[in-house]
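Reader: I should like to take a close look at one part of this model, and then to see how that part is set within the rest. Please treat it in a single connected account.

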Amino acid sequence: MTLERKAQLRRTELRRRTPLARTSTKRAATRKPAGTRSTGPSKATKDALWARAGGRCEVCGKRLDVGVEFSRHHRLPRRMGGTRNPAINTLPNLLLLCGSATITDGCHREIEVMRSVAYGFGYLLRDGQDPAERPAVIRSQLRWLTTDGQYADRPEVA
């Protein structure tokens, strides 16, 4: 093939036989992949957790106003991919904390970094422990977290 012929071939317009489909990146980003399931607490549980904490961090008492990052911490960890353990997303297993587990500010990060201390304060539990039977230090007081979304000074009697 001659150089002139190669040059002509490069100048030819590319033709598309079928038009590209238009897709919205926003819609694609919010769509859940098939087969996924929700592993977090229900809206009713989230609302009861917020009410129990009074809109404040349950460790330091910081007000969680608009613009303040907060998170719901599982005392008994969910594990990667979630779990089918029904106690995981109950009120005795959840704490409302300032910050997140991945940013440097806030109580949630402190709990994740200083895990041995967190076990001592009841912010983390070991496998097999019942969150309703294990107290946590809530704003400097040892409290039991009840299934009805309250604090108690002693464990619930079954």
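What relative accessibility does Lys 43 have, and does this residue count as buried or exposed?

Author: Lys 43 counts as exposed, its relative accessibility being 60%. This value, like the others below, is computed from a predicted model. The class follows from the cut-off, because a residue is called exposed when its relative accessible area is over 50%.

The side chain of Lys 43 has a partner: a salt bridge joins Lys 43 to Asp 47, with 3.2 Å between the closest N and O atoms. Both residues belong to helix H3, which covers residues 43-53, and they lie four residues apart, so that about one helical turn separates them. The partner differs in class, for Asp 47 is partly exposed at a relative accessible area of 40%, whereas Lys 43 is exposed.

The pair in H3 belongs to a wider set, since the count of salt bridges comes to four. Another of them is formed by the side chains of Arg 115 and Glu 112, where the N to O distance is 2.6 Å. Here both ends fall in the intermediate class: Arg 115 is partly exposed with a relative accessible area of 32%, and Glu 112 is also partly exposed, at 25%.

A further salt bridge links Asp 153 with Arg 143, at 3.1 Å from N to O. Arg 143 is part of strand E4 while Asp 153 lies in the segment after E5, so this contact ties together parts that are 10 residues apart in sequence. The two ends are unlike in exposure: Asp 153 counts as exposed at 56% relative accessibility, but Arg 143 is buried, with a relative accessible area of 16%.

For the overall setting, the secondary structure consists of five helices and five strands. Along the sequence these elements follow the pattern α-α-α-β-β-α-α-β-β-β. Of the 158 residues in the protein, 29% are buried.

Strand E4, which carries Arg 143, belongs to an open sheet of three strands, ordered E3-E4-E5 and paired in the antiparallel sense. The edges of this sheet are held by E3 (136-138) and E5 (151-152); each has a single partner strand, so one side of each has no neighbour in the sheet. Between E3 and E4 (residues 141-145) the antiparallel pairing runs over three bridges, and Val 137 stands opposite Leu 142 in E4.

The loop between E3 and E4 deserves a remark on its backbone. Arg 139 is found in this loop, and its phi is near 45 degrees, a positive value in a residue that is not glycine. Ser 140 lies in the loop between E3 and E4 as well, with phi near 75 degrees, again positive and again in a residue other than glycine. As to exposure, Arg 139 counts as partly exposed at 30% relative accessibility, whereas Ser 140 is exposed, with a relative accessible area of 70%.

Contacts that involve aromatic rings come next. The count of aromatic pairs is two. One of them joins Phe 121 and Tyr 123 in a stacked arrangement, with 5.8 Å from centre to centre and 10 degrees between the planes. The term stacked applies because the planes are under 30 degrees apart. The two rings belong to residues of unlike exposure, as Phe 121 is partly exposed with a relative accessible area of 38%, while Tyr 123 is buried at 8% relative accessibility. A charge meets a ring elsewhere: the charged end of Arg 126 sits over the ring of Tyr 119, at 3.8 Å from the ring centre.

Phe 121 also takes part in a nonpolar surface patch of about 340 Å², to which Val 113, Met 114 and Val 117 contribute as well. Of these residues, Val 113 has its place in helix H4, which spans residues 107-113. Val 113 counts as exposed, at 53% relative accessibility.

To return to the request, Lys 43 is an exposed residue whose salt bridge with Asp 47 spans about one turn of helix H3.

Notes. Residues numbered from 1 in each chain as written. Predicted model: local features only at pLDDT ≥ 70, side-chain atom pairs only at ≥ 80, totals over all residues. Heavy atoms only, no water. Phe/Tyr/Trp six-rings, centres within 6.5 Å; stacked < 30°, edge-to-face > 60°. Buried < 20%, exposed > 50% of the residue type's maximum accessible area, 1.4 Å probe, protein only. Lys NZ or Arg CZ within 6 Å of the ring centre and 35° of its normal. Pairing = 2+ DSSP bridges. Helix = DSSP H or I, 4+ residues; strand = E, 2+ residues; numbered from the N terminus. Patch = residues over 30% accessible without salt bridge, like charges linked within 9 Å, V, L, I, M, F, W, Y side chains within 5 Å. Areas by Shrake-Rupley, 256 points an atom, 1.4 Å probe, with all protein chains shown as cover.
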